[in-house]
Amino acid sequence: EWETEANYFRAAFLLNDQKVFAYYSVDGELISIARYISSLQLPINLFTNLKNDYSKYWISDLFEVSNSNGVHYYVTLENADTKLVMQSSNGGGWLSYSKSKKI
C-alpha cells in the first residue's frame, strides 16, 4: 500500500508476516524503515531496563525505526494515570520523549 503525504511517500507491506513501513522523500530517496515489534525483540539491555524501571506500566505501542542515523526504538508505556513515550537511539538507554496525564 502506498500513501502520499505533503513531503514524503509511505509504503506499507508485509515482510516475513510482519508489517513494515518504508518512508521515501519526494525525490525517491529512502528516509527510514519502521516496524512494530514485541518487547522480546528489543536489545536485552533495553528490555531489562523496561522490566526493572517501568514494571508498573504496560506497553501499548513499540516500534523500531532504522535510518541513516542508526536504529531507534520508541515505546509507549501506560498505567491508569499516565502515558509515557520513551525513545532509545542505537541501543543506548531510554530517554523520555513525552509524558502526559490521562483524562
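**Strand order, helix packing and aromatic pairs in a predicted model**

On one side of helix 1, I44 and N52 are exposed. The model described here is predicted. The buried residues of this helix, which spans residues 44-53, are L46, F47 and L50. These three residues cover an arc of only 100 degrees around the axis, and they therefore fall on the same side of helix 1. I44 and N52 lie on the other side. The cover over the buried residues of helix 1 includes strand 5 (58-67), strand 6 (70-78) and strand 7.

The buried side of the helix can be followed further through L50. Not counting residues up to four places away in sequence, L50 touches L42, S55, I59, V75, L77 and W94. The largest nonpolar core has 13 residues, of which L42, L50, V75, L77, M86 and W94 touch the most other members. At least two residues of this core come from each of helix 1, strand 6 and strand 7. In soluble globular proteins, nonpolar side chains tend to be buried together.

The strands form an open sheet of 8 members in the order 1-2-3-4-5-6-7-8, and their pairing is antiparallel. Strand 1 (2-4) and strand 8 (95-101) are the edge strands, each of which pairs on one side only. From one strand to the next, the twist averages 20 degrees. At one edge of the sheet, strand 8 pairs with strand 7 (residues 82-89) in the antiparallel sense, over 6 bridges. Within this pairing, L95 of strand 8 stands opposite Q87.

Two hairpins involve strand 3. Strand 2 (residues 8-15) and strand 3 (residues 18-25) run antiparallel and are joined by 8 bridges. One of the bridge partners can be named on each side: L15 is matched by Q18 in strand 3. The hairpin of strand 2 and strand 3 has 2 residues between the strands. N16 lies in the loop between these strands, and D17 is found in that loop as well. Although N16 is not a glycine, it has a positive phi of about 55 degrees. D17, likewise not a glycine, has a positive phi of about 65 degrees. Both loop residues are on the accessible side of the cut-off: exposed means over 50% relative accessible area, and N16, with a relative accessible area of 73%, is therefore exposed. D17 is exposed too, with a relative accessible area of 76%.

In the second hairpin, strand 3 pairs with strand 4 (residues 30-36) in the antiparallel sense over 5 bridges. The bridge partner of A22 in strand 4 is I33. This hairpin has 4 residues between its strands, and G28 takes a positive phi near 90 degrees.

Aromatic contacts also connect the strands. A pair of aromatic rings is described by the distance of the centres and the angle of the planes. The count comes to 7 aromatic pairs. One of these is formed by W2 and Y24, whose rings are 5.9 Å apart centre to centre with 35 degrees between the planes, a tilted arrangement. Because W2 lies in strand 1 and Y24 in strand 3, the pair ties together parts that are 22 residues apart in sequence. W2 counts as exposed at 60% relative accessibility, whereas Y24 is partly exposed, with a relative accessible area of 25%.

In the pair of F21 and Y36, the ring centres are 6.0 Å apart and the planes stand at 85 degrees, so the pair is edge-to-face. F21 belongs to strand 3 and Y36 to strand 4, and the pair therefore ties together parts that are 15 residues apart in sequence. At 11% relative accessibility, F21 counts as buried, while Y36, at 44%, counts as partly exposed. F21 and Y36 also belong to one aromatic cluster, which they form with F63, Y74 and Y97.

Terms used
Residues numbered from 1 in each chain as written. Predicted model: local features only at pLDDT ≥ 70, side-chain atom pairs only at ≥ 80, totals over all residues. Heavy atoms only, no water. Pairing = 2+ DSSP bridges. Axes fitted to C-alpha atoms, helices over the stretch in contact; angles between N-to-C directions. Buried < 20%, exposed > 50% of the residue type's maximum accessible area, 1.4 Å probe, protein only. Arc of directions from axis to C-beta. Contact = heavy atoms within 4.5 Å. Core = buried A, V, L, I, M, F, W, Y, C linked by side-chain atoms within 4.5 Å. Phe/Tyr/Trp six-rings, centres within 6.5 Å; stacked < 30°, edge-to-face > 60°.
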